[in-house]
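Look at the sequence and the model shown below. The paragraphs after them go from one pair of strands out to the whole chain.

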Amino acid sequence: MKLSVTFLILIFVQIHIFAQYNPQYEDNKTPTYYEVINAYKYLADNYKQAQLFVEGKTDIGKPLHLFVLSLDGDFNPATIKKKNKRIVLINNGIHPGESCGIDASLQFATDILSGKLKAKKYLQNTVICIIPVYNVGGALNRGHSRMNQLGPIEHGFRGNGKNLDLNRDFIKCDSENTKSFERIFQKWSPDIFIDTHTSNGADYQYKITLIATQSDKLNPILAKYMDDTLVPYLYKSMKKSNYEMIPYVQTLGRTPDEGIFAFYDSPRYASGYTSLFNTIGFITETHMLKPYKDRVLSTYHFIVNLTGFVNKNYVEIGKIRQKAFKNTVNQSQFTVKWTLDKTKDSTILFKGYEAKYKTSEITGMQRLYYDRSKPYEKQIKYYHHYKAVKTIKKPAYYIIPQAWKRVIERLELNNVQIEQLDRDTVLSVTAYYVDDFSTRNLYENHYLHYDIKTHVKTENIQFYKGDYLVKPNQPTNYYIIATLEPDADDSFFAWNFFDAVLQHKEWISDYIFEETALKILKEHPEIKEKLEKSKEKDVNLAKSHYYQLFFIYQHSEYFEKSYRRYPVYRKELKK
Ligand SMILES: [Zn+2]
């Protein structure tokens, strides 16, 4: 009996040793997807303050996991919110080759649960949610694809199971990963969001850089808190932790010497998406040429410092966010397009390496290199303000005909409250007509539109029972407007959800239309005048019999009314 108990204890200890997290980053390695999930399973199985949830699918067929740390063992976001606790969501491995956050989060969770970090200091008033690996397909596809990066020896790939860059997918939502993420995000509505990355680009002394979500587009009350209190604290505390940070180095010229500017995280990106919902988003970008251990530990200290701050200042952050939501519900205008404001420059102390040029042995041409034996400290220009380019007054409601289901699915996924018409009806609404637009080459499974020019008309439009009404009087207002206004940077229109309306459906036969066209020109001298003017400017039109007849058709009453009419309508607020 005695023997068998010892034997059982031995086996138990063995299992523990086997399952416990064994950091690999000291050896320039990162765990595999399976090792990560097993390590979190071990923590969830052994500590009542931790649980590992399966939260939907990913494109590769494996589930998306969410690991939650909650001091009192409450894992229900609704009751957690009632207790006035803050929620921090950490997303790792959106680009699995940039794996430092995967290791850092696992180390953080292990340290909290094992007592190495004082749990109360981080979890007393805060619940921490960790997505262990977001891009599961990319993490499983291990190799050496990040050749610009100093380790880890083997790492995941940027594209997911569908070869999508998930950090462009937050509005178009092409992947199962994104849909699962948005369900998690909407269910937990985190106060603070962290997305962990590794940078590319210039060489400099810092091991970690930071993108704080572009504060001009954040609710002003949140922006003020982020800019004046939270971000300064993060820089100060990271310096204290021996991982001094600098804003993400996005250079204006070839090197940082010519100045840097703040990353503009439009809603296609993780933190751009989260800021639509009054969540302050941070992106950590560790430097690709620093030892892997330093990249993991700098991310680790960022998580430690930020969660510690949130836990300490939970009351204030909660109040501010609540106010921000109140503002959002009542806000009448939303900016949907921004441009870098170069009139507001400031300087920043930058610790870089001298950039030099030498002759390439391969091409014989000049090549850039950074001389690490020549570190410098100097002031460089830093542009971090964006000015509004397009601001939209919200309507009383939007009407979306039920044909556009994919849009409705995304609105529902994002917690937008939607009503439906209970009968067929004709309504006088504002309709956008698309006059012009440019289209980008193939980009993330789409042909993104930009420079969208529209004009509006008030029209009576027939709607049908079941068509959708979306009132921008809710906490999700910014998401509604940023996706439904066609000229917004990352609108559903820009992402090709409505391309069908850009093509007309009927054509003319010129030999049949000739007599009718003649009649039209007699009755409508203004069309004739327009045609003559256009012929002067457009050689192809002037040379083509068919194009000229089509021009007349296009300007006549026979031409389809819905051509280039954007099918999301605005019912304006009563003045
Ligand atoms: Zn990245």
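In which sense do β1 and strand β2 pair, and over how many bridges? The model is a predicted one, and in it β1 and β2 (residues 63-69) pair in the antiparallel sense over six bridges. To find one of these positions, start from Leu52, whose bridge partner in β2 is Phe67.

This pair belongs to an open sheet of eight strands with mixed pairing. Going across the sheet, the strands come in the order β1-β2-β4-β3-β5-β9-β6-β7. Why is one side of β1 and of β7 left without a neighbour in the sheet? β1 (50-57) and β7 (245-247) stand at the edges and each has a single partner strand, so one side of each has no neighbour there. The sheet is also twisted from strand to strand: neighbours are turned by 25° against each other on average, ignoring direction.

A helix packs on this sheet. Helix α4 (residues 100-114) touches β1, β2, β3 (86-91), β4 (126-131), β5 (192-198) and β9 (280-286). The direction of α4 makes about 130° with that of β5.

Now step back to the whole chain. The protein chain has 575 residues, of which 42% count as buried, and it contains 17 helices and 19 strands. Its C-alpha atoms fill a box of roughly 105 × 65 × 45 Å along the principal axes. Among contacts between residues at least 6 apart in sequence, 77% join residues at least 24 apart.

The domain assignment divides the chain into domain 1 (16-329), domain 2 (347-387), domain 3 (388-504 + 563-571) and domain 4 (510-554). Domain 3 is thus written as two stretches of the sequence. The C-alpha centres of domain 1 and domain 3 are 32 Å apart, and 19 residues of domain 1 are in contact with 19 residues of domain 3. Which elements give two or more residues to the side of domain 1 that touches domain 3? They are α7 and α11 (314-330), and α7 gives the most, with four residues. By class, this side of domain 1 has eight nonpolar, three polar and eight charged residues.

Helix α7 (residues 176-188) deserves a separate look. From its first C-alpha to its last, this helix of 13 residues reaches 18 Å, close to the 18 Å expected at 1.5 Å a residue. Its buried residues include Glu176, Phe181, Ile184, Phe185 and Trp188. Just after α7, Ser189 takes a positive phi of about 40°.

Definitions and conventions:
Residues numbered from 1 in each chain as written. Predicted model: local features only at pLDDT ≥ 70, side-chain atom pairs only at ≥ 80, totals over all residues. Buried ≥ 20, exposed ≤ 12 C-beta atoms within 10 Å, placed from the backbone. Contact = placed C-beta atoms within 7 Å. Expected span 1.5 Å × (residues − 1). Domains from an automatic or database assignment. Nonpolar A, V, L, I, M, F, W, Y, C, P; charged D, E, K, R; others polar. Pairing = 2+ DSSP bridges. Axes fitted to C-alpha atoms, helices over the stretch in contact; angles between N-to-C directions.
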